[in-house]
Amino acid sequence: MSWRFTFFPNMPAWGFVGGVGVAFALSAALMFWVWGRVGGYAAYWSLRQWVRKGPTPAGVPLPKQSKYLKPLADFGSGLGWVHVGLAAFWALLGFLRAFDSVAGALGDWTLAALWGVGGGYRVYFARHWGQRVTDLYNQTLTCSAELDNPGGDRVQKPPHTSGL
């Protein structure tokens with residue numbers, strides 16, 4: 001809010017917040033419009049359905065498939081359980097703070113809910129689709145290697161010598 005006082009000293013707070021909200025909404029709409037025009041939206045949804053046991057996405061190149069699958073393959077449930085633990089910590093902290101003030105505990109409970117939802121989704125995703133994503137990612141890597149070297153005859157490099 002310090003920007004409001006610096007650049008718009010006579011503007012009421014509701015006008016400043018409304019203007020920032022409109023600017024944010026327009027920029028988000030523009031971003032999604034551009035993403036849809038370049039085919040990103042359709043490719044994303046076809047890849048998403050593919051991971052959830054759908055058909056192989058048509059029209060999505062192999063490098064884009066690999067780029068989409070790489071972070072999902074690293075999406076383990078271990079970090080999800082850490083997030084759930086952090087959620088329990090913030091919930092306990094909020095419970096203890098609620099003895100002083102319920103309003104003061106709302107921030108802690110909000111953080112607990114955010115950590116819990118994020119961690120719960122990580123664990124859920126890893127248990128339901130983790131193995132499939134790993135298999136699909138390994139398959140795309142294999143297909144990429146076969147496309148790079150279609151004959152399968154790998155040329156061996158000479159051993160590195162230090163020159164001594």
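## A walk through an all-helix chain

Let's start with Arg122, which sits in helix α6, the stretch covering residues 102-148. Keep in mind as you look around that this is a predicted model. Arg122 has a relative accessibility of 15%, so it counts as buried, the limit for that label being under 20%. What does Arg122 touch, once its neighbours within four places in sequence are left aside? The list is Asp74, Phe75, Gly76, Leu79, Gly80 and His83. One more pairing is worth finding on the screen: Val84 is 38 residues away from Arg122 along the chain, yet the C-alpha atoms of the two are separated by 9.7 Å.

Now for the helix that α6 packs against here. Helix α5 takes in residues 77-97, and its axis is 7 Å from that of α6. The angle between α5 and α6 is about 160°. Anything over 145 degrees is called roughly antiparallel, and therefore that is the description for α5 and α6. Their crossing is left-handed. Sorted by class, the residues in this contact are 16 nonpolar, nine polar and four charged.

Time to step back and look at the whole chain. How many helices and how many strands does the protein chain have? It has six helices and zero strands, so if you read the elements off from the N terminus you get α-α-α-α-α-α. The chain has 164 residues, and buried ones make up 20% of them. There is also a number for how contacts are spread along the sequence: take the contacts between residues at least 6 apart, and 55% of them join residues at least 24 apart.

Stay on α6 for a moment, but move along to Thr140, which is also placed in that helix. Thr140 has a relative accessible area of just 3%, which means it is buried. Not counting residues up to four places away in sequence, Thr140 touches Trp50, Leu62, Gln65, Ser66 and Leu69.

Gln65, one of those partners, makes a good next stop. Gln65 belongs to helix α4, which runs over residues 62-73. Is Gln65 buried or exposed? With a relative accessible area of 6%, it is buried, because the cut-off is under 20%. Its side chain reaches the backbone oxygen of Val60 at 3.2 Å. Val60 also turns up among the residues in contact with Gln65 when neighbours within four places are left aside, together with Leu47, Trp50, Pro57 and Thr140.

From Gln65 we can move on to the packing of α3 with α4. Helix α3 is made of residues 40-51, and its axis comes within 11 Å of the α4 axis. The two axes cross at roughly 55°. That angle falls outside the ranges for roughly parallel, perpendicular or antiparallel, and α3 and α4 are therefore oblique to each other. As for handedness, α3 passes α4 in a right-handed crossing. On the α3 side, the contact is made by Ala43, Tyr44, Leu47, Arg48, Trp50 and Val51. On the α4 side, the residues are Lys64, Gln65, Tyr68, Leu69 and Leu72. Put into classes, the residues of this contact come out as eight nonpolar, one polar and two charged.

Between these two helices there is a loop, and Lys53 is found in it. Lys53 has a phi near 70°, a positive value in a residue other than glycine. Its relative accessibility is 63%, and because the threshold is over 50%, Lys53 counts as exposed.

One last loop to visit, at the other end of α3. Gly39 is placed in the loop between α2, which covers 13-37, and α3. Where does Gly39 fall on the accessibility scale? Its relative accessible area is 30%, so Gly39 is partly exposed. If you look for Gly59, which is 20 residues from Gly39 in sequence, you will find the two 9.9 Å apart in space, C-alpha to C-alpha.

How values were computed: Residues are numbered from 1 along each chain as its sequence is written. This is a predicted model: local features need pLDDT of at least 70, side-chain atom pairs count only at pLDDT 80 or more; totals for chains, interfaces and linings use all residues. Side-chain values use heavy atoms; hydrogens and water are left out. Helices (H or I, at least four residues) and strands (E, at least two) are DSSP runs, numbered from the N terminus. Buried means under 20% relative accessible area, exposed over 50%, partly exposed in between (1.4 Å probe, protein chains only). A polar contact is a pair of N or O atoms within 3.5 Å; within protein, one must be able to donate a hydrogen and the other to accept it, and residues adjacent in sequence count only if both atoms are side-chain atoms. Contact means heavy atoms within 4.5 Å. Axes are lines fitted to C-alpha atoms, for helices over the stretch in contact, and angles run from 0 to 180 degrees between N-to-C directions. Angles under 35 degrees count as roughly parallel, over 145 as roughly antiparallel, 65 to 115 as roughly perpendicular and the rest as oblique. A crossing is left-handed if the near helix is turned anticlockwise from the far one by less than a right angle, and right-handed if clockwise. Ala, Val, Leu, Ile, Met, Phe, Trp, Tyr, Cys and Pro count as nonpolar, Asp, Glu, Lys and Arg as charged, and the others, Gly among them, as polar.
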